[in-house]
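Here is a quick tour of one protein model, meant to be read with the structure open beside you. We'll go from the core outwards to a strand, a helix and some cysteines.

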Amino acid sequence: MPIVAQSTETTDWVSRFADEVIEESERRAPGKPVVVASGLSPSGPIHLGNLREVMTPHLVADEIRRRGHTVRHLLSWDDYDRYRKVPVGIPGIDDSWAEHIGKPLTSVPAPKGSEHPNWAEHFKAAMVEALAELGVEYDGISQTEQYTSGVYRDQVLFAMKHRGDIDAILDQYRTKKGPAKKQQGQKPVDEAELEAAEGSGAAAEDDGSSAAGYYPYKPYCGQCEKDLTTVTSYDDETTELAYTCSACGFSETVRLSEFNRGKLVWKVDWPMRWAYEGVIFEPSGVDHSSPGSSFQVGGQIVGIFRGKQPIGPMYAFVGISGMAKMSSSKGGVPTPADALQIMEPQLLRWLYARRRPNQSFKIAFDQEIQRLYDEWDKLAGKVADGSVLPADAAAYARAVGTAAGELPRTPRPMPYRTLASVADITAGAEDQTLRILSELDPENPLASLDEARPRLDKAETWINTQVPAEERTVVRDEPDVDLLKSLDDQGRESLRLLQDGLEQNWSLDGLTHLVYGVPKVQAGFPADATAKELPSEIKVAQRTFFALLYHLLVGRDTGPRLPTLLLAVGQDRVRKLLGA
């Protein structure tokens, strides 16, 4: 059974948009499915910033489904976009891929070693798999198939017939732009908009202007397949279109009513799709929401196609633990598949659900992931005991499942930081891992590692892929004899008190109480005295004691949480290293 977000009683952003979208859909297309849309360009790795393009409408669509409405979430794969440049850092490609610049992404070879037929399919594949794991339901649409099969033929002919009206709208914004570089036979192109388009699914292209006039259609060359073409004439009656290619010199005249090797320029293509699909809701990145941008201009052009602009919230950028804004043209940027290697889909969904679209946020690949998991588990506890706030409850419900049901979850979700520490110390040895995890709660021991999966596997992957080698934990093989000999009476007494309490307190909670209690007892206070009852000097004594234990166990000032570390090392080895 799905966990239902009590949308009418919450104030979360998803519910508010769902209210607005349902009302607008009933106004525009009563009795028809509600249509929301996303667009992704598989020009390179589809990163975690691009995921917001999908998650924002997904969450709204899912809320609408929970209310009993029929919804279509269209995901347009902009695989008929031009190949702009050779991305940096992509395995399996070299400078020879530059010869394909200007071709459709589906006509560019996949990187060497790929099992996919072309560039677009190669980069779509990882995103398709990630969306399935995230529980995102959508109708995928290949723009290559739409254009080459003639699905948009009437819309293309309509745009060409009304090119004067489209040109007049675009001209309002051309006059406001500063000088930009001219390309051969073309009016200035706004380079900032092209760079913005790169990260938002828009193809980097001119707006259709040329010395021969304005034409909103761009043919791909019949000889070299590139879009370095210029339309030189067009006849509305016969639909005869003539073009030349500056890349190879080829020219031809075709009937556009029979020709399917080209596409509308981006600022016309997008509003055409809004009208054709009847889109009610589609977000856009901040790049497309600025004055003169694709979304703003499209809001006027869509009227030519007798359609209306969707409700379109701006969404902000997604960062990665202090990294700069992500760009899909560069290799090495974290993707949803990368994130799902180290975190459960519920946590990743929650990061997108809990923040309004216009709020930026970061996804942690560093130590911050442990704090995020602590926050997530604390929220789950509040949901379980009924103390959660309504908006937080809604975000939690959207994270753990969809209208179709709950996502698969870890049966026994132990703290992520504990699992990571255990994976670090044991180097993945399953027998040792099971021993340690079973001792965390002796009254309810873990029977099998499967109970802790997949969270355990995610934590282990994080340790192995994201934690530098110099920060990994290596337990000493032999006692640090010199350090043990140098201890004063207080230092030796602290180790004796710890060892005396090991057997009686051999659990996560017990060892936590023990290691914090030793300095209290040495100072003449009860082991369970609270911070308010203690002088500030006790905290200093605790830090000194902890540092001593770390040095004796792992040869460093810090390490995993001491209770977890002690459990991982085991009683006998702990006693040996502490000089029993």
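## The nonpolar cores

For what follows, a contact means heavy atoms within 4.5 Å. Keep in mind that this is a predicted model.

Start with Leu348. Leaving aside residues up to four places away in sequence, Leu348 touches Leu48, Leu51, Leu134, Pro336, Ala339, Leu340, Met343 and Ile363. Two of those names come back when you look at the largest nonpolar core, which has 102 residues: Met343, Leu348 and Ile363 are the ones that touch the most other members. There's another core lying apart from that one, with 30 residues, including Tyr214, Val231, Leu264 and Met272. As background, nonpolar side chains tend to be buried together in soluble globular proteins.

## Strand E1 and its partner

Now look at E1, residues 34–40. Seven of its seven residues are buried, and that goes for both faces: Val34, Val36, Ser38 and Leu40 sit on one side, with Val35, Ala37 and Gly39 on the other.

E1 runs parallel to strand E2 (residues 71–77), and seven bridges join the two. If you want a spot to line them up by eye, find Gly39, which stands opposite Ser76 in E2. Add helix H2 (residues 48–66) and you have a β-α-β unit made of E1, H2 and E2, with a right-handed crossover.

## Helix H21, covered along its length

Helix H21 spans residues 562–569, and eight of its eight residues are buried. They are Leu562, Pro563, Thr564, Leu565, Leu566, Leu567, Ala568 and Val569.

What do the buried residues of H21 pack against? Five helices turn up: H14 (416–426), H15 (430–440), H19 (508–522), H20 (537–554) and H22 (571–577). Just past the end of H21, Gly570 has a positive phi of about 90°.

## Cysteines without a bond

How many disulfides does a search of the whole structure find? Zero. Two cysteines are worth a look here.

Why is Cys221 not bonded to Cys248? The closest cysteine sulfur to that of Cys221 is the one in Cys248, but at 3.6 Å it is too far for a bond, because a disulfide needs the two sulfur atoms within 2.5 Å. Cys221 is also buried, with 1% relative accessibility.

The story repeats for Cys224: its closest cysteine sulfur, in Cys245, is 3.6 Å away and so too far for a bond. Cys224 counts as buried too, at a relative accessible area of 17%, because the cut-off for buried is under 20%.

Note on methods: Residues numbered from 1 in each chain as written. Predicted model: local features only at pLDDT ≥ 70, side-chain atom pairs only at ≥ 80, totals over all residues. Heavy atoms only, no water. Buried < 20%, exposed > 50% of the residue type's maximum accessible area, 1.4 Å probe, protein only. Helix = DSSP H or I, 4+ residues; strand = E, 2+ residues; numbered from the N terminus. Pairing = 2+ DSSP bridges. Right-handed = clockwise from strand over helix to strand, strands pointing away. Core = buried A, V, L, I, M, F, W, Y, C linked by side-chain atoms within 4.5 Å.
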